[in-house]
Structure formats: C-alpha cells, structure tokens
Amino acid sequence: MQRLHLHLLSDSTGETLEMIAKAALAQFDGADVVRHFWPMVRSMQHLDRIMGEIAANPGLVLFTLVNAETRERLEQRCIALGLPMVPALDAVTDALQQQLGVQAKGRPGRQHMMDEAYFARVDAIQFTIAHDDGVNWENWEEADIVLAGVSRSSKTPTSIYLANRGYKVANIPIVVESPPPPMLFSLRRPMVVGLTTSPERLIAVRRNRLLSLNQAPETAYVDNEQVTREVQYARRMFADNGWPVIDVSRRSIEETAAAVINLYNERGAAGGSGDGAKPI
C-alpha cells in the first residue's frame with residue numbers, strides 16, 4: 001500500500017474534520033497515511049502558505065471551508081496541481097438546506113459558539129471532575145448520570161467523555177470491604193448505570209496499571225479469586241437495585257458512553273427523571 005499525504009484544512013478548530021478522517025481511515029488496515037493538519041484557515045495569505053506545503057507533499061485534500069472566496073481559491077489551486085479534494089460537509093449541508101428550506105449561514109466555527117449549550121458543557125465538566133471516584137457524594141442528586149463499578153472498569157474516562165457531551169456525571173467505585181453511601185440506593189433524578197467486565201480482562205488491566213506505577217504486579221488487587229468476588233459483588237448489587245448494566249470488556253470508552261447515552265435517552269422518552277438528549 002503506497003503512502004498517502006492527507007491534508008485537512010478547516011477555517012475553525014478542525015475537530016470535526018479530524019473525526020471524519022479518523023473514522024474513514026479506521027476502515028483501512030495498515031494504511032500508510034501522513035496527516036497534515038491545517039486549522040483556522042481564514043485568510044488568503046494563510047491559505048497561500050499552506051498551498052506551498054501541499055504542493056511539496058501532494059495528496060488528498062479534505063476541507064471544511066465556509067468562506068466562499070477562500071474555498072474558491074483552494075479549489076482553483078488544487079485543480080492546478082491536479083490534486084483530488086473533498087468538501088467533507090457539503091452533502092450534509094446541502095441536504096439540510098433542501099429539507100429546512102433555508103440557506104446555511106456560512107460562518108466558520110458556529111458549532112463552537114459560547115451559547116447556552118456551551119456553558120452547560122463547561123458546567124458538566126466541572127461537576128464531573130468534582131464528583132470523581134465517590135467524592136462529594138452528598139450532591140449526587142444534581143447529577144444526570146451516576147456510574148458505578150469496580151476499580152479499573154473505565155468509570156472516570158467514561159465520565160469525562162460524557163461530560164464533554166454535556167452530561168453531569170458522578171462515579172463511585174464498588175468495593176466489597178467499603179459499601180457505597182446509602183444515598184446511592186435512593187437517588188431519584190440521576191440514572192445509575194453499572195459498569196462491569198470479565199475478571200480476566202479486569203486482572204489484565206489492573207496488572208498493567210501496577211506495572212506502570214512500578215508496583216508489585218502480584219497482589220490481592222489482581223488475585224483471580226479476589227477479583228472474581230469483586231465482580232460478582234458488584235453485579236449482584238446492580239441486579240438487586242434494577243440498574244442497567246453495561247459490559248465494558250470489549251468496548252472502547254466512546255462505545256461505552258454511547259450505550260450510556262442511549263439508556264439515558266430511553267429513560268427520558270419513557271417518562272423517567274432524566275432530561276433526555278443533551279447538547280453534543
């Protein structure tokens with residue numbers, strides 16, 4: 001497979017474009033791709049400088065440029081260089097214009113505006129950081145979601161990911177020797193979700209964690225009998241309280257978060273205490 005230079009040009013942060021490229025490249029095993037990232041392209045001078053780099057490393061150009069003049073200049077230069085180019089959001093924007101019956105605003109970075117949804121996400125992130133690992137459990141009723149699970153079951157990274165999607169999340173480790181606060185079993189507003197995994201997977205994750213900390217890799221923390229008892233204890237708690245459970249053994253953080261969001265939205269649609277969909 002030949003090497004490909006992939007140029008990503010955006011007049012905003014480029015986060016959307018990066019995600020699109022990453023999702024598409026995931027379908028190609030072993031692809032030899034050199035990514036060149038060009039965010040905040042908002043002037044002809046900036047674009048001209050970038051085109052010099054693109055000419056030196058010709059390849060595929062993906063772009064999200066809403067300014068007509070900048071976009072036209074890019075297209076002209078790519079045609080002159082004989083380079084393929086793809087406007088990553090055109091198909092979706094055109095379809096929305098047709099269905100909505102209005103013209104797109106054509107302003108760069110509108111998804112990053114500091115509107116009410118933006119500040120809601122900031123508030124969610126602050127709340128989630130302040131309620132990690134069972135801290136400040138007295139305020140759990142203010143959360144949208146509470147994640148429960150044994151140590152190293154991806155509670156914290158999943159919580160942070162959900163917070164970036166606008167959800168206030170608290171999480172609590174389930175420890176056999178130290179039962180969680182009674183409040184966990186009487187929450188009304190938040191949705192409590194149990195995260196579980198196989199003992200084998202958990203032992204492997206914990207052992208890697210100990211090695212990364214230069215600690216002894218053989219302790220009760222990774223003992224098969226002890227870990228199995230922990231997992232069974234947590235699963236029994238989840239079942240006794242009727243909490244939905246997600247097995248994270250073969251899920252990425254993103255997939256686990258997506259499953260949590262689905263459960264949250266289903267609860268809201270069914271008339272539960274959840275508020276339903278949150279801003280992305």
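Reader: In this predicted model, what distance separates the centres of domain 1 and domain 2, taken over C-alpha atoms?

Author: The domain assignment divides the protein chain into domain 1, residues 4–100, and domain 2, residues 116–272. Taken over C-alpha atoms, the centres of domain 1 and domain 2 are separated by 38 Å.

Reader: What is the strand order of the open sheet to which strand 1 and strand 3 belong?

Author: Strand 1 pairs in the parallel sense with strand 2 (residues 33–38) over six bridges. Strand 1 also pairs in the parallel sense with strand 3 (residues 60–64), over five bridges. The edge positions go to strand 2 and strand 4 (85–87), each of which pairs on one side only. The order of this open sheet of four strands is therefore 2-1-3-4.

Reader: By how many degrees are neighbouring strands of the sheet 2-1-3-4 turned against each other on average?

Author: The pairing in this open sheet of four strands is parallel. With direction ignored, the average turn between neighbouring strands of the sheet is 20 degrees.

Reader: Which helix lies across strand 1, strand 2 and strand 3 at about 150 degrees to strand 1?

Author: Helix 2 packs on the sheet and touches strand 1, strand 2 and strand 3, but its direction makes about 170 degrees with that of strand 1. A right-handed β-α-β unit is made by strand 1, helix 1 (residues 15–25) and strand 2. The helix that runs at about 150 degrees to strand 1 is helix 1.

Reader: Is Ser10 buried or exposed, and what is its relative accessible area?

Author: Ser10 has its place in strand 1 (residues 4–10), a strand in which six of seven residues are buried. Among the residues that Ser10 touches are Leu17, Trp38, Met40 and Leu65. A residue counts as buried under 20% relative accessible area, so Ser10 is buried, with a value of 3%.

Reader: Which residue of strand 3 is the bridge partner of Ser10?

Author: On the strand 2 side, Leu9 has Trp38 as its bridge partner, and Leu6 stands opposite Arg35. On the strand 3 side, the bridge partner of Ser10 is Thr64.

Reader: At what distance does the side chain of Ser43 reach the backbone nitrogen of His46?

Author: Ser43 is located in the loop between strand 2 and helix 2 (44–56), and it is partly exposed at 28% relative accessibility. Its C-alpha atom is separated by 9.3 Å from that of Glu69, which is 26 residues apart along the chain. A backbone nitrogen also lies 3.5 Å from a side-chain polar atom in the case of Gly14 and Ser10. For the side chain of Ser43 and the backbone nitrogen of His46, the distance is 3.1 Å.

Reader: Which strands stand at the edges of the open sheet with the order 6-5-7-8?

Author: Strand 5 (residues 145–149) is joined to strand 7 (residues 191–196) by five bridges, and to strand 6 by five bridges. Each edge strand has a single partner strand, so one side of each is left without a neighbour in the sheet. The edge strands are strand 6 (169–173) and strand 8 (245–247).

Reader: Which residue of strand 7 is the bridge partner of Gly149?

Author: Strand 5 and strand 7 run parallel. Helix 8 (residues 224–241) lies across strand 5, strand 7 and strand 8, at about 155 degrees to strand 7. In strand 7, the bridge partner of Gly149 is Leu195.

Reader: How many of the residues of strand 6 are buried?

Author: One face of strand 6 carries Val169, Asn171 and Pro173, and the other carries Ala170 and Ile172, all of them buried. Strand 6 is thus largely enclosed by the rest of the structure. The number of its buried residues is five of five.

Reader: Which backbone oxygen does the side chain of Ser159 reach, and at what distance?

Author: Ser159 has its place in helix 6 (residues 155–164), which makes a right-handed β-α-β unit with strand 5 and strand 6. At 1% relative accessibility, Ser159 counts as buried, and it touches Thr128, Leu147, Val169 and Asn171. The side chain of Ser159 reaches the backbone oxygen of Lys155, at 2.7 Å.

Terms used. Residues are numbered from 1 along each chain as its sequence is written. This is a predicted model: local features need pLDDT of at least 70, side-chain atom pairs count only at pLDDT 80 or more; totals for chains, interfaces and linings use all residues. Side-chain values use heavy atoms; hydrogens and water are left out. Domain bounds come from an automatic or database domain assignment. Two strands pair if DSSP finds at least two bridges between them. Helices (H or I, at least four residues) and strands (E, at least two) are DSSP runs, numbered from the N terminus. Contact means heavy atoms within 4.5 Å. Axes are lines fitted to C-alpha atoms, for helices over the stretch in contact, and angles run from 0 to 180 degrees between N-to-C directions. Buried means under 20% relative accessible area, exposed over 50%, partly exposed in between (1.4 Å probe, protein chains only). A polar contact is a pair of N or O atoms within 3.5 Å; within protein, one must be able to donate a hydrogen and the other to accept it, and residues adjacent in sequence count only if both atoms are side-chain atoms. A crossover is right-handed if, with the strands pointing away from the viewer, the path from the first strand over the helix to the second runs clockwise. Lists of a residue's contacts leave out its neighbours within four places in sequence.
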